[in-house]
Amino acid sequence: YMFWTGDLNYRLTADRTQICKWARECNVPALLESDQLSLARREYKAFYLWTEPEIKFSPSYRFDRGSMEFSEEKMRTPSYCDRVLYR
């Protein structure tokens with residue numbers, strides 16, 4: 001087995017307001033539709049021979065420290081940045 005882990009820096013590409021709404025609703029299918037890594041894998045552009053465990057949760061990047069609120073300091077879009085893939 002080979003594992004690829006870390007902050008891959010792929011982002012969600014939908015509007016930040018919409019992503020925050022989907023995240024609060026835990027609408028994972030909608031979130032993953034705009035996920036750059038998922039799209040790259042579907043289009044055979046990156047990691048297409050790798051497997052990623054099913055994502056069943058809203059993104060956790062980037063919460064304000066000590067809270068469950070998405071940071072507005074730099075207005076970054078919530079995303080699934082830390083990923084684990086295996087082959």
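Which pattern does the chain follow, read along the sequence?

1. **Overall layout.** The pattern is β-α-α-α-β. This is a predicted model. Its secondary structure comes to three helices and two strands. Strand 1 covers residues 3–7, and strand 2 covers 82–86. Helix 1 spans 16–25. Helix 2 runs over 28–33 and helix 3 over 36–42.

2. **Burial and surface.** The chain has 87 residues, and buried ones make up 37% of them. The accessible surface comes to about 6100 Å². Carbon and sulfur atoms hold 51% of that surface.

3. **Contacts along the chain.** Take the contacts with a separation of 6 or more. Residues 24 or more positions apart account for 65% of these. C26 and S58 give an example of two residues well separated in sequence: they are 32 residues apart along the chain, yet their C-alpha atoms are separated by 5.4 Å.

4. **The largest nonpolar core.** Nine residues form this core: L12, I19, W22, V28, A30, L31, L32, I55 and Y80. Two elements, helix 1 and helix 2, each give two or more residues to the core. Helix 2 provides the largest share, with four residues. A second core is separate and has seven residues, including L8, L37, A46 and F47.

5. **V28, a core member.** V28 belongs to the largest nonpolar core. Leaving out residues up to four places away in sequence, V28 touches I55, K56, F57, S58 and Y80. Two of these partners, I55 and Y80, are listed in the core as well.

6. **C26, between two helices.** C26 sits in the loop between helix 1 and helix 2. Is C26 buried or partly exposed? C26 counts as partly exposed, because its relative accessibility is 42%, and the partly exposed class lies between 20% and 50%. Beyond residues up to four places away in sequence, C26 touches K56, F57 and S58. V28 also has K56, F57 and S58 among its contacts.

7. **S34, in the next loop.** S34 lies in the loop between helix 2 and helix 3. Why does S34 count as buried? Its relative accessible area is 10%, and buried means under 20%, so S34 falls in the buried class. Which residues does S34 touch, not counting those up to four places away in sequence? They are R11, L12, T13, A14 and I19. L12 and I19 are members of the largest nonpolar core.

8. **Two positive phi values.** Most residues other than glycine have a negative phi. N9 has a positive value, near 65°. F47 has a positive one too, near 55°. N9 is placed in the loop between strand 1 and helix 1. F47 is in the loop between helix 3 and strand 2. N9 is partly exposed, with a relative accessible area of 44%. F47, in turn, is buried, with a relative accessible area of 17%. F47 is also one of the residues in the second core.

9. **The largest pocket.** This pocket has a volume of about 230 Å³. Its lining has 14 residues, and F57, Y80, C81, D82 and R83 are the closest to its centre. How does the lining divide into nonpolar, polar and charged residues? Eight are nonpolar, two are polar and four are charged. Y80 links this point to an earlier one, being part of the largest nonpolar core. F57 appears among the contacts of C26 and among those of V28.

Definitions and conventions:
Residues are numbered from 1 along each chain as its sequence is written. This is a predicted model: local features need pLDDT of at least 70, side-chain atom pairs count only at pLDDT 80 or more; totals for chains, interfaces and linings use all residues. Side-chain values use heavy atoms; hydrogens and water are left out. On a 1 Å grid over the protein atoms alone, a cavity is a set of points where a 1.4 Å probe fits but cannot get out, and a pocket is an open set with protein on both sides within 12 Å along at least five of seven lines; lining residues have an atom within 4 Å of a point. Grid points are joined across faces, edges and corners, and a volume is the space filled by probe spheres set on the points. Ala, Val, Leu, Ile, Met, Phe, Trp, Tyr, Cys and Pro count as nonpolar, Asp, Glu, Lys and Arg as charged, and the others, Gly among them, as polar. Buried means under 20% relative accessible area, exposed over 50%, partly exposed in between (1.4 Å probe, protein chains only). Contact means heavy atoms within 4.5 Å. Accessible areas come from the Shrake-Rupley method with a 1.4 Å probe; for residues, only the protein chains shown count as cover. A nonpolar core is a set of buried Ala, Val, Leu, Ile, Met, Phe, Trp, Tyr and Cys residues joined through side-chain atoms within 4.5 Å.
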